Amino acid sequence: MNVNKELYGELLKEGKYVEAGIKYVFDHNYVSFVELEKLFSPYLTVKGDYCITNSTHHTIKYWCDISKEFLEIFKKILGHEGIALAKSDRLTYAIDGRIINMDLAKRDNHSYKTDRWLPVVLVKN
């Protein structure tokens with residue numbers, strides 16, 4: 001996976017992170033969190049202590065070890081009417097270069113007793 005930051009660099013340099021993220025999802029579709037981290041990392045801190053979780057079942061984690069700023073940007077990107085989350089798999093993330101060391105969630109509508117990772121990607125809706 002090669003993120004061409006030059007295509008989005010002007011937006012990112014201007015601090016228009018949400019716009020750059022939306023454009024990236026529309027241009028590429030099936031976008032992992034690893035891709036977004038690589039896109040944003042030269043312009044803001046993406047690593048941190050936060051997780052993106054299922055809004056109903058908080059033991060289901062979509063992505064972890066991110067900064068609060070990256071989390072807020074992600075929420076705004078996902079809030080765009082043309083973007084949604086879709087289930088993915090561990091292999092997608094292994095190919096992109098990073099996986100979460102956590103048991104996998106098999107369902108997104110189940111309350112697990114321990115934290116589980118549900119790999120998802122951002123897609124055009």
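Q: What makes strand S1 (residues 47-53) and strand S2 (residues 60-66) a pair in this predicted model?
A: S1 and S2, which run antiparallel, are joined by 5 bridges, and since two strands pair if DSSP finds at least two bridges between them, these strands are therefore counted as paired. Within this pair, Thr 53 stands opposite Lys 61 in S2, and a hairpin of 6 residues joins S1 to S2.

Q: How do you know which order the helices and strands of the protein chain follow?
A: Reading along the sequence gives the pattern α-α-α-β-β-α-β-α-β-β, in keeping with the 5 helices and 5 strands in the protein chain.

Q: Why is the protein chain called as compact as a globular protein of its length?
A: Its radius of gyration is 14 Å, and the globule rule gives 14 Å for 125 residues, so the protein chain is as compact as a globular protein of that length. Along its principal axes, the C-alpha trace spans about 45 × 30 × 25 Å.

Q: What makes a residue count as buried, and what percentage of the protein chain is buried?
A: A residue with under 20% relative accessible area is called buried, and such residues make up 46% of the 125 in the protein chain. The accessible surface of the protein chain comes to about 6900 Å², with 48% of that area belonging to carbon and sulfur atoms.

Q: What percentage of the contacts with a separation of 6 or more comes from residues 24 or more positions apart?
A: Where contact means heavy atoms within 4.5 Å, residues 24 or more positions apart account for 62% of the contacts with a separation of 6 or more in the protein chain.

Key: Residues numbered from 1 in each chain as written. Predicted model: local features only at pLDDT ≥ 70, side-chain atom pairs only at ≥ 80, totals over all residues. Heavy atoms only, no water. Helix = DSSP H or I, 4+ residues; strand = E, 2+ residues; numbered from the N terminus. Rg over C-alpha atoms; globule rule 2.2 N^0.38 Å. Buried < 20%, exposed > 50% of the residue type's maximum accessible area, 1.4 Å probe, protein only. Areas by Shrake-Rupley, 256 points an atom, 1.4 Å probe, with all protein chains shown as cover.
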